[in-house]
Amino acid sequence: MRIKAAWLKSSGPVAVSKMLQQAGYEIYFVGGCVRNSLLNVPVNDIDMSTDALPDTVMTLAKEQGLRVIPTGVEHGTVTVVVEGDPVEVTTYRKDIETDGRRAVVAFSKSILDDAKRRDFTMNALYADLDGTIIDPLGGLDDLHARRIRFIENPTARIREDYLRILRFFRFHALYGDPDAGLDAEALAACAQNLDGIKTLSKERIGHEMRKLLAAENPAPSIAAMAQTGVLMRVIAGANPTSIAPLVHLENMVNVSPNWMRRLLALGGEDIKGSLRLSKQEAKLLTAMQTVVINALPPIIAGYKLGRDAGFDAMLVLCAHMETGIPENLEQELNLGAEAKFPISSNDVSDRFKGAALGNCLKKLKAAWIDANLNLTKNQLLAMLDDD
Ligand code: ATP
Ligand code: MG
């Protein structure tokens with residue numbers, strides 16, 4: 001079996017492979033790039049695996065005048081930069097100890113060891129420079145069946161690194177067969193090891209969840225996460241029931257998957273802390289939550305969030321209420337997004353000063369929003385006369 005892909009021929013990996021092969025070492029592409037090319041889906045990053053030790057990779061690269069960055073030397077990863085193109089090279093490893101937060105590994109000379117310390121059989125596929133597949137653990141069969149199967153014993157693999165629970169659901173959402181369901185033994189292993197999730201860093205959890213939520217249809221995976229109790233451990237109070245209706249609405253209006261929109265539909269307590277969102281992401285999510293929780297009309301969603309985030313919030317609201325999408329949604333969102341509050345401080349500065357001026361503007365804006373932006377400057381100023 002061979003793959004054909006442009007990245008196989010890109011100058012960085014080719015130069016690094018030749019450098020290591022000429023010095024008598026093995027080097028292969030591995031993981032997501034091989035898996036995704038076999039599935040004909042876009043490749044996110046290129047990982048390479050070798051039997052050369054990190055120090056050897058660095059010495060050889062420097063001899064060739066290439067820049068090397070010791071990205072994660074203790075885990076065996078160095079980045080070699082070829083013509084500005086970074087190539088990540090990781091030395092073959094094997095798991096030697098269980099710690100649960102990250103597998104503790106040692107370097108190895110054997111590709112079989114390296115394959116066995118990976119998570120799922122479809123992630124333990126290798127390719128040489130010609131694209132010929134090396135499949136030490138039968139990953140190809142699972143890949144073709146779109147079956148996410150733990151390498152060897154699911155419980156043992158999960159106890160080495162509890163993140164693998166989340167990765168199991170993530171890879172099912174992205175590459176699993178939605179009709180076949182998830183592997184029963186793996187599901188049971190996830191359900192029996194829930195306590196391990198709290199030992200993981202929120203960054204690692206957030207990273208997996210973003211990818212899972214950005215899948216074409218994450219609903220079956222999220223439902224399984226809820227059934228096994230994983231979802232509650234990741235985001236307390238999250239409710240999976242709106243995800244399938246949301247995906248249905250997204251397909252109707254033909255919008256791309258978006259992790260933030262799906263996260264909004266899940267809801268729950270302390271979402272921001274649970275997934276360690278950035279300040280900017282947290283701010284947007286909070287604003288969207290306000291619109292959804294208060295079931296605000298589309299024109300207000302457009303005003304508060306802008307057209308795109310307003311559209312996302314409205315889709316989630318419709319999914320929660322299990323209604324269709326209002327016919328004039330786009331029009332109302334645009335009206336809101338373009339609307340300008342008709343009063344400025346100059347309009348009221350003759351009557352109010354300092355804090356009182358601020359309060360007056362706040363009160364008028366609240367009234368304007370309450371009236372669905374449907375009050376003119378004169379109508380708003382007249383409200384001051386009534387007070
Ligand atoms: P993506 O397309 O999202 O990059 P990927 O399969 O390349 O998918 P990465 O997280 O980049 O995923 O990891 C690269 C490879 O390293 C995986 O394919 C897998 O073989 C291995 N791997 C990564 N994380 C783990 C883990 N926690 N446990 C075991 N193996 C892992
Ligand atoms: Mg990857």
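This is a short tour of a strand with its two partners, and then of the surroundings of ligand 1. Keep in mind that the model you have open is predicted.

**Stop 1: strand β4**

Start by selecting residues 77–82, which make up strand β4. Is this strand mostly covered or mostly exposed? Mostly covered: 6 of its 6 residues are buried. Now show the side chains and look along the strand. T77, T79 and V81 point one way, while V78, V80 and V82 point the other way. Whichever way they point, all of these residues are buried.

**Stop 2: back to β3**

Next, add residues 67–72, which is strand β3. β3 and β4 pair in the antiparallel sense, and the pairing runs over 4 bridges. To see where the two strands line up, pick V68: standing opposite it in β4 is V80. Then follow the chain between the two strands. They form a hairpin with 4 residues between them. Click on G76 while you are in that turn, as its phi is positive, at about 95°.

**Stop 3: on to β5**

Now go the other way and select residues 85–91, strand β5. Over how many bridges do β4 and β5 pair? The answer is 6, again in the antiparallel sense. For a landmark, try V81, whose bridge partner in β5 is P86. β4 and β5 make a hairpin too, this one with 2 residues between the strands. E83 is the residue to click on here, with a positive phi near 50°.

**Stop 4: ligand 1**

Leave the strands and centre the view on ligand 1. The space it takes is the largest pocket. Which elements give two or more residues to the shell around ligand 1? They are α2 (32–39) and α7 (163–175), so colour those two if you like. α7 gives the most, with 4 residues.

Now select the residues around ligand 1, of which there are 16. R35, N44, R164, R170 and K211 come nearest.

**Stop 5: a few distances**

Finish by zooming in on some atom pairs:

- D161: a polar side-chain atom of this residue is 2.9 Å from a nitrogen atom of ligand 1.
- R167: here a polar side-chain atom lies 3.0 Å from an oxygen atom of ligand 1.
- D119: this time look at the backbone, where a polar atom is 3.2 Å from a nitrogen atom of ligand 1.

Before you zoom out, try a surface view. On its own, ligand 1 has 580 Å² of accessible area, and the protein covers 86% of that.

Terms used. Residues are numbered from 1 along each chain as its sequence is written. Chains are lettered from A and ligands numbered from 1 in the order in which they are written. This is a predicted model: local features need pLDDT of at least 70, side-chain atom pairs count only at pLDDT 80 or more; totals for chains, interfaces and linings use all residues. Side-chain values use heavy atoms; hydrogens and water are left out. Buried means under 20% relative accessible area, exposed over 50%, partly exposed in between (1.4 Å probe, protein chains only). Two strands pair if DSSP finds at least two bridges between them. A residue is near a molecule or strand if one of its heavy atoms lies within 4 Å of it. A polar contact is a pair of N or O atoms within 3.5 Å; within protein, one must be able to donate a hydrogen and the other to accept it, and residues adjacent in sequence count only if both atoms are side-chain atoms. Accessible areas come from the Shrake-Rupley method with a 1.4 Å probe; for residues, only the protein chains shown count as cover. On a 1 Å grid over the protein atoms alone, a cavity is a set of points where a 1.4 Å probe fits but cannot get out, and a pocket is an open set with protein on both sides within 12 Å along at least five of seven lines; lining residues have an atom within 4 Å of a point. A molecule sits in a cavity or pocket if more than half of its atoms lie within 2 Å of its grid points.
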